Amino acid sequence: MSGNIQLLSDTLAAARSEGRAALIAYLPAGFPTVDGGIDAVKAVFDGGADVVEVGLPHSDPVLDGPVIQTADDIALKGGVKIADVMRTVREAYEATGKPVLVMTYWNPIDRYGIERFTAELAAAGGAGCILPDLPVQESDEWRRHAEKHGLATVFVVAPSSKDDRLAKITAVGSGFVYAASLMGVTGTRQSVGAQAQDLVRRTRATTELPVCVGLGVSDAAQAAEVASFADGVIVGSAFVKLMLEAPDREAGLVAVRALAADLAEGVRKR
């Protein structure tokens, strides 16, 4: 079975044709439970997200701040496995027909097996993977298997990336380019800043791929700001924070659905 890279590309292109940025949400699998995590992904889609990244919880998530680290810890203590990540992708995709990616560090895939992981993700209806710590120069084997199974390979670029480095990354990536808005870890911030706009400009000079910005966006105003210069707005910590603070599961679902609706309105005010 082939994965859904084309669905991802079509979804991003459809948002562009509507004169807006796409809203991409992030939620970790297995948080607060496997079933609760699946319901949360469905809720953000229901609220208006175009794409969802399902995080594969990791014990040392170097790109992630304290909010997502806390959620990952809860998921890992709950016994989440890669099979649960695949189930989350499958059930979210089957329920919505929308693109679902996995965001993961490299070590779990390396241990699980690249062919096994890509085959299972494609079979689950996944659209691809975001791989923040896989060096481009060491990605040949992964990309070969991902391409065979119809999966996008999304690499992360940062404000520190030089232009020649950006060109090397974007030449081999697919789906879209994940532009980290600033140096540091994930988390909500008061301002996304001019660094992100400059990074998007420099990245676009190297590729026709959509450039989507993450790290720091937490409300509709920030989403509108980023949507004015990016092809997609990526929001993670703000959703996870609401789930952590909710008094119960249903309240958490109501909260993330409402935030998705607010952000979806924001990306349309670019």
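Let's start with the sheet: nine strands lie side by side in the order E5-E4-E3-E2-E1-E9-E8-E7-E6, forming an open sheet with parallel pairing. Its edges are strand E5 (152-154) and strand E6 (156-157), each of which pairs on one side only. Keep in mind as you look around that this is a predicted model.

Now zoom in on two neighbours in that order. Strand E2 (residues 51-55) and strand E3 (residues 100-103) pair in the parallel sense, and four bridges join them. If you would like a landmark, find Val52, which stands opposite Val100 in E3. Which strands does helix H2 (residues 34-47) touch as it packs on the sheet? The answer is strand E1 (22-28), E2 and E3. The direction of helix H2 makes about 160° with that of E2.

Next, let's visit the aromatic rings. A pair of aromatic rings is described by the distance of the centres and the angle of the planes. The structure holds three aromatic pairs. One of them joins Tyr112 and Phe117, with 6.2 Å from centre to centre and 85° between the planes, an edge-to-face arrangement. Are Tyr112 and Phe117 buried or exposed? Both are buried.

Phe117 also pairs with Trp142: the ring centres are 6.3 Å apart and the planes meet at 55°, so this pair is tilted. The pair of Phe117 and Trp142 links distant parts of the chain, since Phe117 sits in helix H6 (residues 114-123) and Trp142 in helix H7 (residues 140-148), 25 residues apart. Both Phe117 and Trp142 are buried. Step back and you will see one aromatic cluster, formed by Trp106, Tyr112, Phe117 and Trp142. Tyr112 has a charged companion too: Arg116 lies over the face of its ring, at 3.8 Å from the ring centre.

Our last stop is helix H10 (residues 220-227), which is mostly covered, with six of its eight residues buried. Which residues are buried in H10? They are Ala220, Gln222, Ala223, Ala224, Val226 and Ala227. What do these buried residues pack against? Their partners are strand E8 (211-214), strand E9 (232-235) and helix H12 (249-266). E8 and E9 bring you back to the sheet, where both take their places in the strand order. Finally, look at the N-terminal end of H10, which is capped by Asp219. A side-chain oxygen of Asp219 lies 3.2 Å from the backbone nitrogen of Ala221.

Definitions and conventions. Residues are numbered from 1 along each chain as its sequence is written. This is a predicted model: local features need pLDDT of at least 70, side-chain atom pairs count only at pLDDT 80 or more; totals for chains, interfaces and linings use all residues. Side-chain values use heavy atoms; hydrogens and water are left out. Buried means under 20% relative accessible area, exposed over 50%, partly exposed in between (1.4 Å probe, protein chains only). Helices (H or I, at least four residues) and strands (E, at least two) are DSSP runs, numbered from the N terminus. Contact means heavy atoms within 4.5 Å. A polar contact is a pair of N or O atoms within 3.5 Å; within protein, one must be able to donate a hydrogen and the other to accept it, and residues adjacent in sequence count only if both atoms are side-chain atoms. Rings of Phe, Tyr and Trp (its six-membered ring) pair if their centres lie within 6.5 Å; planes under 30 degrees apart count as stacked, over 60 as edge-to-face and the rest as tilted. A charge sits over a ring if NZ of Lys or CZ of Arg is within 6 Å of the ring centre and within 35 degrees of the ring normal. Two strands pair if DSSP finds at least two bridges between them. Axes are lines fitted to C-alpha atoms, for helices over the stretch in contact, and angles run from 0 to 180 degrees between N-to-C directions.
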